[in-house]
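Work through the exercises below with the sequence and the 3D structure open. Try each task before reading its solution.

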Amino acid sequence: MTARLIDGKAFAAQLRGRVATAAAAFTEQAGRKPGLAVVLVGEDPASSVYVRSKGKATLAAGMESFEHRLSADVSEAELIALVDRLNADETVDGILVQLPLPKHIDERAVITRIDPDKDVDGFHPVNAGRLATGLDGLVPCTPLGCLMLLQDIHPHLAGLEAVVIGRSNIVGKPMAALLLQQSCTVTTVHSRTRDVMGHVRQADIVVAAVGIPGFVQPEWIKPGATVIDVGINRTGDGLVGDVDPRAVEVAGAITPVPGGVGPMTIAVLMRNTLVAAGRRAG
Ligand code: GUN
């Protein structure tokens, strides 16, 4: 049996279409477009590409894009002063500071300075706390995109065994919180877990977010399981995921890399910006 390939690119395009329609309605009502400010510090080539893509997607969704490019030697105080200005700017609904930041800047100090209601990345501890306790907030884009793909395949997630591989604040932890909110039985495995394979073998749903090319082996996967591969690893062979591609022969459904989770992240960012704009407008 070969797994159904989950077409994240098509799903993301549909989501972006729906966001564009809702953004037009917001603009009509509010008399202004939803606005997203993206801040890039330095000239990391991968980050530059992401920031350009985010700006393009924002304009394509009929929203205002504000791009702030700062030099790599900007001080933490200057960056925080910019965040303060964006927090106070009524035309800005969403603020995203592209990570990683240069070593001399404390990422935590910057993230916690962002107004939680403009934190479209969902990285602020207030939003992490809202997610953990079931309050409305802004949810990190990549895990929310993964959940949307999963819900498309499993309209009823309740009771399913889910294993999340990786415990980062950006993907693993919020992913586990989202699956728990959906009443899955959730296990998070990580670098200190004694028997990763034993856990993965039980799972109806596997979300791999470890950043190790081909880490998840086909033999680990329960036949018919749904596998979401968050990995985007640049190797000599091009972009590869965290899941060995031979898993396609065991899984019931699987996201390809590229074209699976990747396109969802920016689409959800657009969605989060619209949600932030709607809540701010009351
Ligand atoms: N760097 C890599 N992914 C992300 C992301 O989702 N948000 C931000 N702010 N920086 C990133």
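The exercises that follow concern a predicted model.

**Exercise 1. Domains and annotated spans**

Task: State how the protein is divided into domains, and compare this with the spans listed in UniProt.

Solution.
Step 1. The division gives domain 1, residues 31-115, and domain 2, residues 141-262.
Step 2. The C-alpha centres of domain 1 and domain 2 lie 29 Å apart.
Step 3. An unreviewed UniProt entry lists residues 6-121 as "domain: Tetrahydrofolate dehydrogenase/cyclohydrolase catalytic". In the model, residues 6-121 are 49% helix and 16% strand, and the end C-alpha atoms of this span lie 24 Å apart.
Step 4. The unreviewed entry also carries the annotation "domain: Tetrahydrofolate dehydrogenase/cyclohydrolase NAD(P)-binding", which covers residues 140-279. Residues 140-279 are 33% helix and 19% strand, with 17 Å between the end C-alpha atoms.

**Exercise 2. Helix packing**

Task: Which term describes the angle between helix 2 and helix 9, and which describes the angle between helix 1 and helix 9?

Solution.
Step 1. Two packed helices are described by the angle between their axes and the distance between those axes.
Step 2. Helix 2 spans residues 45-60 and helix 9 spans residues 262-280; their axes are 10 Å apart, at an angle of about 50°. Helix 2 is therefore oblique to helix 9.
Step 3. Helix 2 passes helix 9 in a crossing that is right-handed.
Step 4. Helix 1, residues 8-30, and helix 9 have axes that come within 8 Å and cross at roughly 20°. Angles under 35 degrees count as roughly parallel, so helix 1 and helix 9 are roughly parallel to each other.
Step 5. For helix 1 and helix 9 the crossing is left-handed.

**Exercise 3. Residues around the ligand**

Task: Which residues are around the ligand, and how are they split by class?

Solution.
Step 1. The residues around the ligand are L96, V97, Q98, L99, D121, C141 and T265.
Step 2. By class, this shell has four nonpolar residues, two polar residues and one charged residue.

**Exercise 4. Backbone details in loops**

Task: Where are P100, P258 and S183 located, and what is the backbone geometry there?

Solution.
Step 1. L99 and P100 are joined by a cis peptide bond, with omega about 0°. P100 is in the loop between strand 4 (94-97) and helix 4 (107-111). L99 is also one of the residues around the ligand.
Step 2. V257 and P258 are joined by a cis peptide bond too, with omega about -5°. The loop that holds P258 lies between strand 11 (253-254) and helix 9.
Step 3. S183 is not a glycine, yet its phi is positive, at about 70°. S183 is found in the loop between helix 7 (172-181) and strand 6 (185-189).

Notes: Residues are numbered from 1 along each chain as its sequence is written. This is a predicted model: local features need pLDDT of at least 70, side-chain atom pairs count only at pLDDT 80 or more; totals for chains, interfaces and linings use all residues. UniProt positions are given in the numbering used here, feature names are shortened, and annotations may be inferred rather than shown by experiment. Helices (H or I, at least four residues) and strands (E, at least two) are DSSP runs, numbered from the N terminus. A residue is near a molecule or strand if its C-beta atom, placed from the backbone, lies within 6 Å of it. Ala, Val, Leu, Ile, Met, Phe, Trp, Tyr, Cys and Pro count as nonpolar, Asp, Glu, Lys and Arg as charged, and the others, Gly among them, as polar. Domain bounds come from an automatic or database domain assignment. Axes are lines fitted to C-alpha atoms, for helices over the stretch in contact, and angles run from 0 to 180 degrees between N-to-C directions. Angles under 35 degrees count as roughly parallel, over 145 as roughly antiparallel, 65 to 115 as roughly perpendicular and the rest as oblique. A crossing is left-handed if the near helix is turned anticlockwise from the far one by less than a right angle, and right-handed if clockwise.
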